[in-house]
Amino acid sequence: YHSPWLALPILMAKKIKGFQIILEVEEIYHKVWTIKNRLKKWEQNLIEHSESYIAVSDILSDLLPNKDKIVLYGSYKTTKKRTKELNDKVVNTCSYIFY
């Protein structure tokens, strides 16, 4: 999930470590709220430099760059919670698998 305040550190880390960003976008803050120009620029850079997106609506998806993206509307089914820890050096941010 993105935040204008975290955009700059994330982009710096991406440049140093070379990882790809899959950005969950529930809103584009500078289109909804009045924020400082610096935060607006950071947010725009984060969105532009992400490799793919998870959007919450078709309208929001249309506002994102033309890259890999998926729209998840919020109707999910879950599986049982994992009982085994993952040790594959991949950031796993969710305890449930959504399908």
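**Figure 1. The chain holds 4 helices and 3 strands.** This is a predicted model. From the N terminus on, the order of elements is α-β-α-α-β-α-β. The chain has 99 residues, and 24% of them count as buried. About 8000 Å² of the chain is exposed. Carbon and sulfur atoms supply 55% of that area. Take the contacts between residues at least 6 apart in sequence: 44% of them join residues at least 24 apart.

**Figure 2. Confidence varies along the chain, with its lowest helix or strand mean in H2 and its highest in E2.** The average pLDDT of the chain is 80. A score of at least 70 is reached by 72% of the residues. Helix H2 covers residues 29–32 and has a mean of 76. Strand E2 covers residues 52–55 and has a mean of 92. Over residues 93–99, pLDDT stays under 50. For residues 93–99 the model has 14 contacts beyond four places in sequence.

**Figure 3. Helix H1 packs against helix H3.** H1 spans residues 4–17, and H3 spans residues 37–48. Two packed helices are described by the angle between their axes and by the distance between those axes. For H1 and H3, the angle is about 55 degrees and the axes lie 8 Å apart. The two helices are therefore oblique to each other. The crossing of H1 past H3 is left-handed.

**Figure 4. Residues of H1 meet residues of H3.** On the H1 side are Pro4, Trp5, Ala7, Leu8, Ile10 and Leu11. They meet Leu39, Trp42, Glu43, Asn45 and Leu46 on the H3 side. Each helix brings a tryptophan: Trp5 from H1 and Trp42 from H3.

**Figure 5. Lysine 41 sits in helix H3.** Is lysine 41 buried or exposed? Its relative accessibility is 52%, so lysine 41 counts as exposed. The cut-off for exposed is over 50%. Lysine 41 and alanine 7 are 34 residues apart in sequence. In space, their C-alpha atoms are 9.3 Å apart. Alanine 7 is one of the H1 residues that meet H3.

**Figure 6. Serine 50 lies in the loop between H3 and E2.** Serine 50 has a relative accessible area of 0%, so it is buried. Which residues does serine 50 touch, not counting those up to four places away in sequence? They are Ile21, Leu23 and Lys67. The loop that holds serine 50 leads from H3 to E2, and E2 is the strand where confidence is highest.

Key: Residues are numbered from 1 along each chain as its sequence is written. This is a predicted model: local features need pLDDT of at least 70, side-chain atom pairs count only at pLDDT 80 or more; totals for chains, interfaces and linings use all residues. Side-chain values use heavy atoms; hydrogens and water are left out. Buried means under 20% relative accessible area, exposed over 50%, partly exposed in between (1.4 Å probe, protein chains only). Contact means heavy atoms within 4.5 Å. Accessible areas come from the Shrake-Rupley method with a 1.4 Å probe; for residues, only the protein chains shown count as cover. pLDDT is the predictor's confidence in each residue, from 0 to 100. Axes are lines fitted to C-alpha atoms, for helices over the stretch in contact, and angles run from 0 to 180 degrees between N-to-C directions. Angles under 35 degrees count as roughly parallel, over 145 as roughly antiparallel, 65 to 115 as roughly perpendicular and the rest as oblique. A crossing is left-handed if the near helix is turned anticlockwise from the far one by less than a right angle, and right-handed if clockwise.
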